[in-house]
Amino acid sequence: MAGSSREIALLTNPTAGQGRGGRYRAAALGRFRDAGLVVRDLVGRDADEALDLARSAVADGVEALVVCGGDGMAHLGVQALAGTGTPLGLVPAGTGNDVARYLDIPRSDPLAAADRVIAGRTRTIDLARCGSKWFVTVLAAGFDAIVNERANAMTWPRGQMRYNLATLAELRVFEPLPYVIEVDGRRIRTDAMLVAVGNGPSFGGGLRITEGALLDDGMLDVVIIKPLSKAGLVRAYPRLFKGTHTQLPQYEHHRARTVTVAAPGIVSYADGERFGPLPLTVEAVPGALTVLA
């Protein structure tokens, strides 16, 4: 991708990773320019403006849209890139960085991540689509979504500890939810702690909830965790980092091209971002995104 007049757009969330976004952007920007790339340096005042900037850059024909931030920035970039053939590059700077984890992009070295963009090697991956919205990682639609909702309402503490406290707070009051799930037209009615729909295997910084999900198989992986005791849920949590929760008797797994999830009172999250209230229908879209990886 090195060349004298090749233009990329670099879209940054400077607040990502408690300020890492701004520092990593500066490092990557220098590396790109040293490699002879013309860089359109973009920062939106909010998510809406950032998405407008991304869409404008893609419409103008930039060679790639590179996002500097976490999974939320990857999520935003994908809304502008899905189906266009313009590749997504990543300079990971967030707390979770699951998209970078999927693509084996260095997560703590912005210069090494920038070098992946400069090298210009691409591959295509699937995306999940719900109406006009897309996601890369996992749709959380249960206990995990409620925790996200509570954590977002908290102003203290920062980082991962906020999620841990939100988890403890919700555990005290959480009851299993009645779900109706349609998996390629087959209806499942069940009570569950959570339902996750994965395009890829992990979310939340390496929680391997949809263990075994592949980015290029044209399928979604649907995981249902049936009711377990609060103590059981606490004990199961560390197993998510290793993917060994698949051995729990409460674990159920399905693969599908289209999934509808319904449950009362749940706002789903995807790529760590507020996505929309249930019910939602999600479909796998093979090869919808080109990535620099």
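This is a short walk through the structure above, from its first helix to its cores, its cavity and its salt bridges. The model is a predicted one, so please read each feature below as a property of that prediction.

Let us begin with helix H1, which covers residues 16-34. Its buried residues are Ala16, Gly17, Gly21, Tyr24, Ala28, Leu29 and Phe32. An α-helix has 3.6 residues a turn, so residues three or four places apart point the same way. With that in mind, it is worth following the buried positions of H1 along the helix in the viewer, among them Gly17, Gly21, Tyr24 and Ala28. What do the buried residues of H1 pack against? Their partners are strands S1, S2, S3 and S4, together with helix H5 (110-119). After H1 comes Gly36, a residue with a positive phi, near 90°.

From here we can turn to the nonpolar interior. The largest nonpolar core holds 86 residues, and the members that touch the most others are Leu11, Leu90, Leu103 and Tyr179. Strand S16 (residues 280-292) is the element that gives the most to this core, contributing seven residues. Another core lies apart from it, made of 17 residues, including Tyr24, Cys68, Ala93 and Ala114. Tyr24 is also one of the buried residues of H1.

Leu103 deserves a closer look. Setting aside residues up to four places away in sequence, Leu103 touches Leu90, Arg116, Arg123, Ile125, Leu215, Val291 and Ala293. Leu215 turns up again among the contacts of Gly200, a residue placed in the loop between strand S10 (194-198) and S11. Is Gly200 buried or exposed? Gly200 has a relative accessible area of 0%, so it counts as buried. Apart from neighbours within four places in sequence, Gly200 is in contact with Tyr102, Val136, Thr137, Val138, Thr210, Ala213 and Leu215. Leu168, by contrast, is 32 residues from Gly200 in sequence, with 27 Å between their C-alpha atoms.

Next comes the empty space inside the protein. Searching the whole structure turns up one cavity of 30 Å³ or more, and the largest cavity contains about 50 Å³ of space. Which residues line it? The lining of the largest cavity consists of Val67, Gly69, Gly70, Asp71, Ala74, Leu90, Val91, Pro92, Asn97, Val99 and Ala100. By character, this lining divides into seven nonpolar residues, three polar and one charged. Strand S3 (64-69), helix H3 (71-81), strand S4 (88-92) and helix H4 (98-102) each provide at least two lining residues, and S4 gives the most, with three. Leu90, which we met in the largest nonpolar core, appears in this lining too.

Asp71 is another of the lining residues, and it is found in helix H3. With a relative accessible area of 12%, Asp71 counts as buried. Beyond its neighbours within four places in sequence, Asp71 contacts Gly96, Asn97, Asp98, Val99 and Asp271. Of these, Asn97 and Val99 also line the largest cavity. Arg101 is 30 residues from Asp71 in sequence, and the two C-alpha atoms are 10 Å apart.

Finally, let us look at the salt bridges, of which the whole structure has 17. Glu7 and Arg40 make one of them, with their closest N and O atoms 3.2 Å apart. Because Glu7 lies in strand S1 (residues 7-12) and Arg40 in strand S2 (residues 38-42), this pair ties together parts that are 33 residues apart in sequence. Both ends are partly exposed, Glu7 at 27% relative accessibility and Arg40 at 23%. Asp60 joins Glu7 and Arg40 in a network of salt bridges.

A second example is the salt bridge between Arg150 and Glu170, at 2.8 Å from N to O. It connects helix H6 (residues 143-153), home of Arg150, with helix H7 (residues 160-173), home of Glu170, across 20 residues of sequence. Arg150 is partly exposed at 33%, whereas Glu170 is buried at 11%.

The third example pairs Arg255 with Asp221, their closest N and O atoms lying 3.9 Å apart. Here Arg255 sits in strand S12 (residues 251-256) and Asp221 in strand S11 (residues 220-225), 34 residues apart. Arg255 is partly exposed, with 40% relative accessibility, while Asp221 is buried, with a relative accessible area of 2%.

Methods:
Residues are numbered from 1 along each chain as its sequence is written. This is a predicted model: local features need pLDDT of at least 70, side-chain atom pairs count only at pLDDT 80 or more; totals for chains, interfaces and linings use all residues. Side-chain values use heavy atoms; hydrogens and water are left out. A salt bridge is a side-chain nitrogen of Lys or Arg within 4 Å of a carboxyl oxygen of Asp or Glu. Helices (H or I, at least four residues) and strands (E, at least two) are DSSP runs, numbered from the N terminus. Buried means under 20% relative accessible area, exposed over 50%, partly exposed in between (1.4 Å probe, protein chains only). A nonpolar core is a set of buried Ala, Val, Leu, Ile, Met, Phe, Trp, Tyr and Cys residues joined through side-chain atoms within 4.5 Å. Contact means heavy atoms within 4.5 Å. On a 1 Å grid over the protein atoms alone, a cavity is a set of points where a 1.4 Å probe fits but cannot get out, and a pocket is an open set with protein on both sides within 12 Å along at least five of seven lines; lining residues have an atom within 4 Å of a point. Grid points are joined across faces, edges and corners, and a volume is the space filled by probe spheres set on the points. Ala, Val, Leu, Ile, Met, Phe, Trp, Tyr, Cys and Pro count as nonpolar, Asp, Glu, Lys and Arg as charged, and the others, Gly among them, as polar.
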